[in-house]
Amino acid sequence: MSDRIFLSILTGSFSTPCADNPTVAMIEAAYRHHEIDARYINCDVKPDNLADAVRGAKAMEWVGFNCSLPHKVAVIEYLDALSDAAKIIGAVNCVTIRDGRLTGDNTDGKGFLASLKGVTDPRGKRVLLLGAGGAARAIAVELGLAGTAHITVANRDPAKGEIIAALVRDNTKSDATAIPWKGAVEVPGDVDIVINATSVGLGDKDAIPEIALDSLKKGHIVADVIPNPPRTHLLREAKARGCTPLDGLGMLVNQGVIGVELWLGKTLDAAVMKRALQDIFGAAD
Ligand code: NDP
């Protein structure tokens with residue numbers, strides 16, 4: 001008999017479509033770097049198969065999995081517990097399996113926050129948040145929990161923006177208001193951080209959210225959730241105006257770091273993960 005162990009730790013992701021999700025490349029690069037005998041398996045799971053996929057992960061003793069669109073809300077009914085943030089956000093993208101119990105968390109906002117903290121402390125800051133989808137919701141809640149002073153949510157459909165503003169006001173100490181996004185949105189004079197949490201710019205280096213570019217001032221931090229391409233049109237304009245740009249790769253990398261900390265209790269090297277993404281998407285600067 002050999003002393004070698006032929007059983008890898010299993011992690012992965014359930015979503016559909018998923019062929020363009022690069023998380024597997026990023027996390028497996030870090031597993032290899034740290035010589036961790038674990039796999040991250042990217043699984044195409046259709047909505048009708050989600051219950052079976054979750055049962056399968058539990059049966060095969062996976063230690064955890066991400067779930068992305070369209071499962072972030074649907075997965076909740078198969079879980080035993082939720083983190084406080086996932087409860088407020090109402091969506092789960094990271095599940096930890098321990099002793100047969102499944103706990104749901106949401107790392108979208110946490111990943112963004114970890115990336116933001118690399119350039120500023122959000123406590124006491126005023127934020128303009130563009131968009132009111134799933135990413136905006138998670139980011140707004142985490143910013144509120146991290147002690148931002150005020151969040152202005154701008155969205156084409158202001159009712160969706162108001163739902164997020166109310167979520168922040170009701171569950172955190174931060175204040176928040178929603179404004180309708182009609183024409184080029186002006187960055188309010190007292191804002192410190194501008195965040196594009198819309199899908200504008202995804203896969204299109206020329207697309208830019210409709211914003212009054214002259215209202216971007218030196219000293220603003222301008223963050224984009226778009227990971228591909230990392231150097232979005234908005235970030236290029238922000239940099240040209242002396243703002244600090246923050247790309248969407250950092251959010252993606254930090255989500256991976258946080259997920260693996262939850263699953264394995266190990267902190268992966270973020271630089272290794274970022275390089276793996278840059279090999280795929282190109283560098284941001
Ligand atoms: P959703 O579909 O839930 O939300 C999309 C948002 O974008 C909505 O608020 C929508 O506004 C807005 N929007 C779309 N087109 C326009 C436009 N032309 N002008 C103004 N607003 C627009 O998507 P998600 O929130 O899940 O994802 C948003 C982006 O975040 C995606 O591109 C995704 O790739 C990225 N993302 C990045 C992550 C990372 O780790 N870097 C993690 C998660 C997401 P309306 O409500 O008016 O339709």
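## A tour from the ligand outward

Start by selecting the residues around the ligand: this shell divides into eleven nonpolar, nine polar and four charged residues. Keep in mind that the model on screen is a predicted one.

Next, show the shell residues as sticks. There are 24 of them around the ligand, and the closest are G133, A135, R156, T198 and S199. Three helices each give two or more residues to this shell: helix 4 (108-117), helix 5 (134-145) and helix 8 (248-264). Colour these helices separately. Which helix supplies the largest share of the shell? Helix 8 does, with four residues.

Now colour by domain. Select 9-106 together with 250-281 for domain 1, then 110-246 for domain 2. Each of these domains provides at least three residues to the shell around the ligand.

Hide the sticks and switch to a cartoon of the whole chain. How many helices and strands should you find? The chain has nine helices and twelve strands.

Then zoom out and turn the model along its principal axes. The C-alpha trace spans about 70 × 40 × 30 Å. The radius of gyration is 19 Å, and because a compact globule of 285 residues would have a value near 19 Å, the two agree.

Colour by burial next. Of the 285 residues, 47% count as buried.

Last, display contacts between residues at least 6 apart in sequence. Among these, 67% join residues at least 24 apart.

Key
Residues numbered from 1 in each chain as written. Predicted model: local features only at pLDDT ≥ 70, side-chain atom pairs only at ≥ 80, totals over all residues. Rg over C-alpha atoms; globule rule 2.2 N^0.38 Å. Buried ≥ 20, exposed ≤ 12 C-beta atoms within 10 Å, placed from the backbone. Contact = placed C-beta atoms within 7 Å. Near = placed C-beta within 6 Å. Nonpolar A, V, L, I, M, F, W, Y, C, P; charged D, E, K, R; others polar. Domains from an automatic or database assignment.
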